[in-house]
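Thanks for asking me to look this one over. My comments are below, as numbered points you can read alongside the viewer.

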Amino acid sequence: MPITPTNYIWMDGKLVPWDEAQVHVLTHTLHYGMGVFEGVRAYPTSNGPAVFRLKDHMARLLNSAKIYGIAVPFELETLIDAVKDTVRANELESGYIRPLVYLGYGEMGLNPLPCKVNVAIATWPWGTYLGDDGLKNGIRLKVSSWQRHDPNAMPGAAKGTGMYVNSALAKVEAIHSGYDEAVLLNPQGFVSECTGENIFIVQNGKVITPPTSLGGALEGITQDSVMTIARDLGYKTSEQALVRTDLYCADEAFLTGTAAEVVPIQSVDDRLVGNGKPGPITKAIQDTYFEAVRGENPKYESWLDRVK
């Protein structure tokens, strides 16, 4: 989806005009993919914009950096305030937020330790990642020929920049084949996740998602939110290993992610999931999720960081 420029990007403690937020072509991360990032959303509420689960996202950013051995020069609370400052400065009622920790200009080679660590936070208006029709009616998935990383090759618990080449390859393959999104299996053949989303099935009234420790998927903040919502709605939930045929035979299926939000799955490898339409449990979870992020359900108020 195209980026709509806003006024400012936060860079290393300062708000910089959008067009001046630039880096050198020899920036280390551009060459070697050694960096970490987050995807966060702000939503409109009756009391102004609110950032969804901001502390959890920024804590995951710092944990990703720790896994990569990158010493971030800002504390958690500073980063939380920086996100709010950036949303406020750009006068956004809603939008997508991209914090990025990257290794800057000055050193080259595979040893990243001497590199300067830079941090940037951008935010801009962004609509539904997989389309309004997908959000309403569901999307078509393809099991990719590309595998998700082995956790001993690339750490799946970190949201690393270079790791997403794997996702991009699977995404392009799916689009070229006429699908909306791809499902990646881990090296053992179990369902891991989609290119940027966690995946769920509903079977016999139970809401099931693959365990991140087995599947190699990133532990999703939206995934965790949805598990909480499902339990609050009275549904049983579990984390259990899934294979591709579990997706084919599910009563319902959906995916979750900050960019995608909660999206029903219509089919996988041309097999309809259920009757091919969003199921009642998926719709109940989706409706409650949007109530939560927009501040319409007081039960989930603690998930919101309001920007005033």
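The points below start with the whole chain and then turn to salt bridges, individual residues and backbone angles.

1. **What kind of model this is.** Please keep in mind throughout that this is a predicted model. The protein chain has nine helices and 17 strands.

2. **Overall dimensions.** Along the principal axes, the C-alpha atoms of the protein chain fill a box of roughly 55 × 45 × 30 Å. A compact globule with 308 residues would have a radius of gyration near 19 Å, and the protein chain agrees with this because its own value is 19 Å.

3. **Burial and surface.** Of the 308 residues in the protein chain, 53% are buried. The accessible surface of the protein chain comes to about 13,800 Å². Carbon and sulfur atoms account for 51% of that surface.

4. **Contacts along the sequence.** How much of the contact set joins residues at least 24 apart, once you take contacts between residues at least 6 apart in sequence? In the protein chain that share is 71%.

5. **Charges.** There are 27 positive and 35 negative side chains in the protein chain. The centres of the two sets lie 3 Å apart. As for pairing, the count comes to 12 salt bridges, and the next points take up some of them.

6. **K84 and D305.** In this salt bridge the closest N and O atoms are 3.2 Å apart. K84 belongs to helix α3 (residues 76-89) and D305 to strand β17 (residues 304-306), so to speak of distant parts of the chain is fair: the two are 221 residues apart. Is K84 buried or exposed? K84 counts as buried, because its relative accessibility is 17% and the cut-off for buried is under 20%.

7. **R148 and E193.** The side chains of R148 and E193 meet in a salt bridge, at 2.9 Å from N to O. This pair, too, links distant parts of the chain. R148 sits in the loop between β8 and α5 (164-176), while E193 is in strand β10 (residues 191-194), 45 residues apart. Both partners are buried: R148 has a relative accessible area of 6%, and E193 is at 8% relative accessibility.

8. **D269 and R244.** The closest N and O atoms of this salt bridge are 3.1 Å apart. D269 lies in the loop between β15 and β16 and R244 in helix α8 (residues 244-248), so the pair ties together parts that are 25 residues apart in sequence. D269 counts as buried at 11% relative accessibility, whereas R244 counts as partly exposed at 34%. Elsewhere, R53, D56 and D224 are joined into one network by salt bridges that share partners.

9. **S192 in strand β10.** S192 lies in strand β10, the strand that also holds E193. With a relative accessible area of 2%, S192 is buried. Leaving out residues up to four places away in sequence, S192 touches R148, L184, L185, N186, I199, P210, G215, G216 and A217. R148 is thus worth viewing twice, as a contact of S192 and as the salt-bridge partner of E193.

10. **K142 in strand β8.** K142 is in strand β8 (residues 139-143). Although a lysine, K142 is buried, with a relative accessible area of 17%. Not counting residues up to four places away in sequence, K142 touches E173, A174, S177, Y179, E181, A182, V183 and D269. D269 links this point to the earlier one, since D269 also forms a salt bridge with R244.

11. **Positive phi at R53.** R53 is not a glycine, yet R53 has a positive phi of about 50°. R53 is found in the loop between β5 (48-52) and α2 (54-68). R53 counts as buried at 10% relative accessibility. This is the residue that shares a salt-bridge network with D56 and D224.

12. **Positive phi at D270.** D270 is not a glycine either, and has a positive phi of about 70°. D270 is placed in the loop between β15 (261-268) and β16 (271-272). Which side of the burial scale is D270 on, buried or exposed? D270 is exposed, with a relative accessible area of 51%, just as the cut-off of over 50% requires.

Definitions and conventions:
Residues numbered from 1 in each chain as written. Predicted model: local features only at pLDDT ≥ 70, side-chain atom pairs only at ≥ 80, totals over all residues. Heavy atoms only, no water. Helix = DSSP H or I, 4+ residues; strand = E, 2+ residues; numbered from the N terminus. Buried < 20%, exposed > 50% of the residue type's maximum accessible area, 1.4 Å probe, protein only. Rg over C-alpha atoms; globule rule 2.2 N^0.38 Å. Contact = heavy atoms within 4.5 Å. Areas by Shrake-Rupley, 256 points an atom, 1.4 Å probe, with all protein chains shown as cover. Lys, Arg positive; Asp, Glu negative; His and termini not counted. Charge placed at Lys NZ, Arg CZ, Asp CG, Glu CD. Salt bridge = Lys/Arg side-chain N within 4 Å of Asp/Glu carboxyl O.
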